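Biologist: I should be grateful for a close look at a single part of this protein, namely one place where two helices pack together. Please set that part in the context of the whole chain.

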Amino acid sequence: MKKNISAQEMPPSHNGRNEKELSAAELEKFNHAYGYMGSFNLATFSNNLFKWDEFLQEWDHRSSNASRVQELLEARKKRVEIRALGPDFQRFVEKKIIEECAAGNNKTDTSNIYKLLNDYYALDYDTSADFLNALLANDNIWNNRDGSTVHDLLKYIGKRKDERTVNALLLYINNICRDNYARVNFRKDDVHYAFFSLASIVGKEKTIEIFKKLYSENISLSRIINNPEYFLNNAFLFLNTTTEEPREKFDLEIEKQRLGELEAKLAYLKEH
């Protein structure tokens, strides 16, 4: 089995910058913010935190209940608070997550890793390929009996559309074909997720080319996918009908202004 990738094996910088040594005050602040992650609160509201117009729609939907509006506001405030810690915190939390993965055991409950990653996704960082590749290569993720974590990771990789993750996806497909794969009864589903993610990055035609090459070379894959034409048609079923809207770039000053407006709206709601 492939060994776990430790935090020490991570590249020294995820964004082309050298990591600085954190002060005691920064370390305390970062550990406090990290303590919030894994609560799944950010992930719970992630669909409504990214796009401002969608957030306002959800706000209006909840406007008859001040406590439910308050809950939504607190999630957005926490996201802004954590994002305000900047790229140093991003690298800090990525290293923590890798350490958590390395310390895990894929034969036991890894729900904490699942929650941590989903809260991380909700922060919507410009995530490096190095971090994503390290996650996908970790056997506590790819060879976990519960496929929830790796499936969410594959979706996230597909959305990031970074071609530097392609080799990690191909390695994951090969890992699915291994004799010691923990999810023997779900191999076809897992291969499907991998190729959908790959197609989101390199496109349908290139993915079909890659699939045919792997299918001809890997006898284990040909045993998993006994009807390649049917598989390919289904693998791209939603790729043709789903268009991903551009991400709204995080701007701290704009977010602070928005929070002030929301606080005023909530106060008015409580008074009336």
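Modeller: The account below begins with the whole protein and then turns to one helix pair, followed by one further helix. The model is a predicted one. The protein contains 16 helices and zero strands, and 46% of its 272 residues count as buried. Among contacts with a separation of 6 or more, 77% join residues 24 or more positions apart. The accessible surface amounts to about 14400 Å², and carbon and sulfur atoms contribute 48% of that area.

The pair chosen is helix H12, residues 187–202, with helix H15, residues 228–235. Their axes lie 10 Å apart and meet at an angle of about 55°. This angle is neither under 35 degrees nor within 65 to 115 degrees, so the two helices are classed as oblique. The crossing of H12 past H15 is right-handed. On the H12 side, the contact is formed by Lys 188, Val 191, His 192, Phe 195 and Phe 196, while H15 supplies Phe 231, Asn 234 and Ala 235. By character, five of these contact residues are nonpolar, two are polar and one is charged.

Helix H8, spanning residues 129–136, offers a second view of packing, as seven of its eight residues are buried. Those buried residues are Ala 129, Phe 131, Leu 132, Asn 133, Ala 134, Leu 135 and Leu 136. They pack against helices H6 (86–103), H7 (111–123), H9 (139–142), H10 (148–160) and H11 (166–176).

Conventions: Residues are numbered from 1 along each chain as its sequence is written. This is a predicted model: local features need pLDDT of at least 70, side-chain atom pairs count only at pLDDT 80 or more; totals for chains, interfaces and linings use all residues. Side-chain values use heavy atoms; hydrogens and water are left out. Axes are lines fitted to C-alpha atoms, for helices over the stretch in contact, and angles run from 0 to 180 degrees between N-to-C directions. Helices (H or I, at least four residues) and strands (E, at least two) are DSSP runs, numbered from the N terminus. Angles under 35 degrees count as roughly parallel, over 145 as roughly antiparallel, 65 to 115 as roughly perpendicular and the rest as oblique. A crossing is left-handed if the near helix is turned anticlockwise from the far one by less than a right angle, and right-handed if clockwise. Contact means heavy atoms within 4.5 Å. Ala, Val, Leu, Ile, Met, Phe, Trp, Tyr, Cys and Pro count as nonpolar, Asp, Glu, Lys and Arg as charged, and the others, Gly among them, as polar. Buried means under 20% relative accessible area, exposed over 50%, partly exposed in between (1.4 Å probe, protein chains only). Accessible areas come from the Shrake-Rupley method with a 1.4 Å probe; for residues, only the protein chains shown count as cover.
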